[in-house]
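Dear colleague,

I am passing on the structure we spoke about, with some notes on what turned up in it. Please have it open while you read.

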Amino acid sequence: MISPEKIEEVIEQSQYLSRDLSWVQFNYRVLDQVTAQRRTILEKFKFLAITASNLDEFFMIRVGSLYNYMDYNKQRLDYSGLRELPFRQKLLHESQEFVQKQYQYLHDLLPKCGENNFRIIDGEEILQEEEEAVAAYFQHTIFPMLTPMVYDNYHTFPILMNKLLVFGVVTNIKGASKASRKVSFIQIPQNLPRFFEMHRGETVIFLPIEEIIRKYVYKFFRNVDILGVSLLRITRNGDFTLDESDDMEVDFVQEVKQKLKTRKTGRVVRLEIEKNYSTWMLSLLKSRWDIEEDNVFEVEKLIDLTCLWQIVGHKDLSEFLPLPHEPVKPLAFLRQEENTQKKRHDDSIFDRIKKEDIVLHHPYNSMEPVLEMIEEAAEDPNVLAIKTTIYRLAKDSRITSALLRAAENGKHVSVLFEVTARFDEENNIREAKKLQQAGCFVIYGVTQLKTHTKIMLVVRKEGQNVVRYVHMSSGNYNESTAKLYTDIGLLTTNEIYARDVSEFFNAITGHSDPDRYEQLLTAPNFMRHQLIALIQNETRNALDGLPAGICIKINSLQDRAFIDALYEASQAGVPVELIVRGICCLRPKRTGLSENINVRSIVGDFLEHSRIFYFHNNGDPKIYSGSADAMVRSFDRRIESLFLLLNPNAIQQAINLLSYNLKDTMNSYILHEDSNYYKYERSEDESVFNQHDEFFLITPESVSQANLYEEFLKPNQKLITPQSQIENNEGIETQSQETK
């Protein structure tokens, strides 16, 4: 085992940051929302639940992927410079500290529940007048559903399901020696609510189901001694790859279904267990699952904080959640109404798109125009065809319903369903089958590539002409997440886009391989090369003494070649502003490497999901948006697209969007050279700017005022120089220690 000091030394020397350690930092930023004074207790519970859900996926996929290397003796060198075993040591240590922080925050919040009209109680706090209701719930609902599964010399070890609560009960024959101990497992079904709900006057009481089972567990074990009752939960490796080939699509779908089953039996990568557990049972489980002490997470109470969603969503507590903002009209609609001097509610969505490219910025703008377009297209006799890609859908999706109606109305409908969208595989397979049975032309993904791009094409006959309506976006065709995720989309009839999108559909649904597109950057063939060329153009401009600047807003930054190009740009004096919500493997502000690069992360009311790439281009900005992040998987293993903004109003709106992100003083976290993020601290003369509020107040006039270069990218204006960084090192080190 390598010493923690040596591990830190290796990490510090690397010019890249670890993807997985960066992710842990991201989850800390989400967890930090729990400390915000402006948030209600239910909001704080919501963010605790989000961090728990994030951590589940992290262990299933990222830690699972690490074990795929270790279990099969494959080598892996992390960006941090660490090999598999020391990296696991570091990663699990960081995860342990994170979980301790989660439960510390939960412990601090629990005493405040009563003043918000609810309480979470344990079995000892059940009042006498409540005993009858609790006993009846156990007897009539819980007891019939539970099945103890014993493990001994005559019974095989049961398959415990991923992410379900399980009781491990150690029993013995009365009067027998410890040598005859047995362990039985009682798995709590996922279709039972986590909390049994009662009322004490105006107060809602939440009694965890495990407290009820623990109270009556003796009913499962007659005439034996119960030596220990331990609540536990396991997380299994959920990372799988497909053996993709050119076989028929039905075989591909069957393989996806088969691989999904492996998530139920994959190797255990995490064990959560309540304190005061049976040490004998834990030793047995660690040996059985081949896990180390660091894989075991001890929890005092409430294993699996995703259970807090039941409280957050309780109808009697809705007053303790802030009212959501009402979406505002897209700026293009406001301009159209100003030009006509009256509101035209009777205009068809097709008419509005023909007048002007429409930029949609969700959730500030509703997804309704996109839904209107596809729903009108389904019923419009002039619409000839609809083509779209689907990655994730809402429950009871209006998109699916519209496509079904379109097929029933005799229109040609082509849908590329990405059936390997992680954790949405089963839903996508089910929805795709439904469309296929209705007569839609359905493609189940593309061999060896995940289709992540979000595009839609509607072909409509108008008189003697055929007009193509295009929608391109950074976000999914999911009307539920469109209310929670920030995304940018474009509705247009621009023929340049239409030609590119038509070619793109021919490539992904047929057997076409275009040499190039006019205004699209696409992966896997061209995107990395073309984006790096745009970075290098800024580098040349800076070296030639011309204005230069780069501003990029993405979810994740991990591709090494892309990072190296940004390092070179920084060394040439190009100001680089990066807004990276989650994973960032670039180390900013390192002298001689990246001192001209600033990195911030925005974490707040909405999940930042937009992707925008801004290149100053000597005063004639090139701005792309679309579905892609700067990751190896985006460039090499996914079908992605970025579209160049052409309309001047759309360009200015994207510039304003980036400007607001860089102005934000409420939700911003700044990445320092030491790889840690620090909450943005306003200066005394700086006012509060919360972009998650400001975007609801936006007007065409306010958008036209934004100048990204003058405000943020002009050299020596906002940038921290190497000398000023050295002068501030003492303060940075102090803040780092306080944060740690």
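To begin with one residue, Asn617 is buried, with a relative accessible area of 19%, where buried means under 20% relative accessible area, exposed over 50% and partly exposed in between, using a 1.4 Å probe and protein chains only. Its phi is near 55°, a positive value in a residue other than glycine, and Asn617 sits in the loop between strand 23 (612-615) and strand 24 (622-626). Helices (H or I, at least four residues) and strands (E, at least two) are DSSP runs numbered from the N terminus.

Please keep in mind that this is a predicted model, in which local features need pLDDT of at least 70 and side-chain atom pairs count only at pLDDT 80 or more, while totals for chains, interfaces and linings use all residues. Residues are numbered from 1 along each chain as its sequence is written, and side-chain values use heavy atoms, with hydrogens and water left out.

Ser675 also has a positive phi, of about 80°, although it is not a glycine; this residue lies in the loop between strand 26 (668-671) and strand 27 (677-679) and is partly exposed, with a relative accessible area of 22%. Most residues other than glycine have a negative phi, and most peptide bonds are trans. The peptide bond from His362 to Pro363, however, is cis, with omega near 0°, and Pro363 belongs to the loop between strand 10 (358-362) and helix 12 (368-379). The bond from Ala523 to Pro524 is cis as well, with omega near 15°, and Pro524 is in the loop between strand 18 (520-523) and helix 16 (527-543).

Turning to the sheet, six strands form an open arrangement in the order 2-4-3-7-8-9, with mixed pairing, two strands being paired if DSSP finds at least two bridges between them. Strand 2 (148-151) and strand 9 (296-299) stand at the edges with a single partner strand each, so one side of each is left without a neighbour in the sheet.

As for the interior, the largest nonpolar core has 122 residues, and those with the most contacts inside it are Phe45, Leu557 and Phe562; such a core is a set of buried Ala, Val, Leu, Ile, Met, Phe, Trp, Tyr and Cys residues joined through side-chain atoms within 4.5 Å. Helix 3 supplies the largest share of this core, 14 residues. A second, separate core of 50 residues includes Ile443, Phe504, Ile508 and Phe712.

With best wishes
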